[in-house]
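Visitor: Could you teach me how to read a protein structure, step by step?
Guide: Gladly! Let's look together.

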Amino acid sequence: MSEQSRRPRRPGKPYRRPQKDPVRILAFEALRAVDERDAYANLVLPPLLRKAREKEGPDKFDGRDAALATELVYGTLRRQGTYDAVIAACVDRPLREVDPPVLDVLSLGAHQLLGTRIPSHAAVSASVELARVVLGDGRAKFVNAVLRKVAQHDLDGWLEQVAPPYDDDPEDHLAVVHSHPRWVVSALWDSLGGDRAGIERLLEADNERPEVTLVARPGRATASELLDALGEEAATPGRWSPYAVTLSEGGEPGAIDAVRDNRAGVQDEGSQLVALALAGAPLDGPDQAWLDGCAGPGGKAALLAGLAAERGAVLLASEKQPHRAGLVAKALDGNPGPYQVIAADGTRPPWLPGTFDRVLMDVPCTGLGALRRRPEARWRRRPEDLDGFAPLQRALLRTALDSVRVGGVVGYATCSPHLAETRAVVDDVLKEYGSTADLIDARPLLEGVPDLGEGPDVQLWPHLHGTDAMYLALIRRIA
């Protein structure tokens with residue numbers, strides 16, 4: 001036996017148990033729910049945060065941890081298209097051949113490296129530890145190798161490599177740089193019009209964290225009361241709606257007494273403006289019966305019900321899905337005046353024609369106007385979805401026009417700026433009704449709001465108004 005063979009073998013590297021990071025595990029679980037169950041992050045994240053606080057305790061999972069988890073989830077979803085392009089340049093196979101859980105860990109790591117101030121070594125290390133916990137040691141080595149390649153450049157450096165030049169393909173360039181599907185870029189650009197600067201500002205706004213805005217429900221609370229209760233450091237008045245209050249960053253709506261008591265609710269200011277414009281439209285004749293024909297989940301209905309009560313009018317809130325009708329009833333609970341909530345199909349209404357003085361029809365749509373709040377929707381929607389919504393949108397607008405009396409006003413609204421869901425629907429239906437219905441100018445009813453275009457309809461924009469991209473057309477029934 002040789003001298004070398006008699007030497008004692010060096011001990012192997014001892015196994016180290018992976019360190020569980022509750023923040024990144026939570027973020028990974030949220031992304032898996034979005035991918036596997038088609039869940040929405042804004043619905044998945046709150047219960048996961050509550051569970052983490054209960055499990056870890058406030059000392060080990062505090063407000064900063066919750067904020068980081070939220071940023072990791074939403075930031076990764078918003079920039080998914082960009083990160084996919086970067087990761088694709090760092091792996092030796094098509095992304096479709098990378099297991100989705102592995103891709104989620106890689107995307108979380110890419111966001112920490114390219115979209116946050118977390119130091120590169122810490123971002124890679126934390127992502128590898130996450131991979132060891134949720135994927136196993138073998139896949140963790142793959143994650144480590146890929147993220148070390150990602151860490152070789154910052155975001156601008158990667159965009160120079162993976163985005164095609166603007167002059168060669170403007171839409172594909174914008175799609176990669178601003179992380180939107182190409183067809184969405186094209187559709188938004190068509191709706192917005194204008195030059196490169198405008199569409200880039202819009203796409204950038206879609207990737208920003210939206211403000212949390214409250215609505216003081218008329219007859220139950222005022223904006224002044226909310227501001228006094230919250231204090232000037234925690235909240236500021238809304239820009240346009242007299243009922244709006246904007247929370248400072250980190251504000252938690254569920255902790256506010258007025259929200260818990262149903263005197264206020266969370267509602268984007270664009271949605272408030274739609275309801276206020278319909279309520280403010282001049283009428284010929286009585287103003288006693290109002291209809292919200294697609295009322296779920298109840299935000300606009302609660303605002304309309306309060307405004308109606310102040311005038312002695314009654315709101316009927318109709319929603320097809322029973323569980324959503326239940327949400328509407330909850331939102332209206334405590335309204336100072338009479339109202340009614342029913343579960344009914346708006347295309348086959350149980351009420352008689354010509355019953356109402358004011359009708360709001362906020363129709364189901366692709367939701368492309370709320371990509372700030374639901375970033376996963378941009379990856380989930382397809383161009384063919386427009387064909388699925390089109391017949392329903394037209395049918396609901398017909399119901400609205402049939403339901404309003406002569407001299408009354410209909411508000412057609414949608415949380416999408418896509419022309420196929422806005423002006424195309426209104427134009428087609430108005431052609432059918434001929435001289436019996438006509439558009440009225442909605443712009444004067446959004447007092448003080450700039451950049452409302454040529455009218456008579458209104459399109460709000462995140463980059464111009466700080467709201468979701470709500471669309472509103474007001475139509476008067478004249479015969």
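**Where two domains meet**

Guide: Let's begin with domain 2 and domain 4: the count of salt bridges between them is zero. Keep in mind that this is a predicted model.

Visitor: How many residue pairs are in polar contact between domain 2 and domain 4?

Guide: Polar contacts are a separate count from salt bridges. Here there are five such residue pairs between domain 2 and domain 4, both partners having pLDDT 80 or more.

Visitor: Which helices supply the side of domain 2 that touches domain 4?

Guide: To answer that, go through the touching residues and note the element each belongs to. Helices α11 (182-192) and α12 (196-206) each give at least two residues to that side of domain 2. The largest share, seven residues, comes from α11. Sorted by class, the side of domain 2 that touches domain 4 has eight nonpolar, five polar and three charged residues.

Visitor: What area is buried between domain 2 and domain 4?

Guide: Buried area tells you how much surface two parts lose on being put together. For domain 2 and domain 4 the value is about 1500 Å², and carbon and sulfur atoms give 70% of it. On the domain 2 side, W183, S191 and D206 supply 39% of the area buried against domain 4, more than any other three residues.

Visitor: How many residues of each are in contact, and what separates the centres?

Guide: Contacts are counted residue by residue, while centres are taken over C-alpha atoms. In this model, 16 residues of domain 2 are in contact with 16 residues of domain 4, and the centres of the two domains are 28 Å apart.

Visitor: Where do these domains lie along the chain?

Guide: A domain is given by its residue range. Domain 1 covers 22-155, domain 2 covers 163-206, domain 3 covers 212-266 and domain 4 covers 269-477.

Visitor: Now a single residue, please. Is R32 buried or exposed?

Guide: Relative accessibility is the value to check, and under 20% means buried. R32 counts as buried because its relative accessibility is 9%. R32 sits in helix α2 (residues 22-37). Leaving aside residues up to four places away in sequence, R32 touches R37, P100, P101 and D104.

Visitor: And what does the chain as a whole look like?

Guide: The chain has 21 helices and 12 strands, and its C-alpha trace spans about 110 × 50 × 40 Å along the principal axes. Of its 479 residues, 53% count as buried. Among contacts with a separation of 6 or more, 72% join residues 24 or more positions apart.

Methods. Residues are numbered from 1 along each chain as its sequence is written. This is a predicted model: local features need pLDDT of at least 70, side-chain atom pairs count only at pLDDT 80 or more; totals for chains, interfaces and linings use all residues. Side-chain values use heavy atoms; hydrogens and water are left out. Domain bounds come from an automatic or database domain assignment. Contact means heavy atoms within 4.5 Å. Buried area is the accessible area (1.4 Å probe) that two parts lose on being put together, summed over both. A salt bridge is a side-chain nitrogen of Lys or Arg within 4 Å of a carboxyl oxygen of Asp or Glu. A polar contact is a pair of N or O atoms within 3.5 Å; within protein, one must be able to donate a hydrogen and the other to accept it, and residues adjacent in sequence count only if both atoms are side-chain atoms. Helices (H or I, at least four residues) and strands (E, at least two) are DSSP runs, numbered from the N terminus. Ala, Val, Leu, Ile, Met, Phe, Trp, Tyr, Cys and Pro count as nonpolar, Asp, Glu, Lys and Arg as charged, and the others, Gly among them, as polar. Buried means under 20% relative accessible area, exposed over 50%, partly exposed in between (1.4 Å probe, protein chains only).
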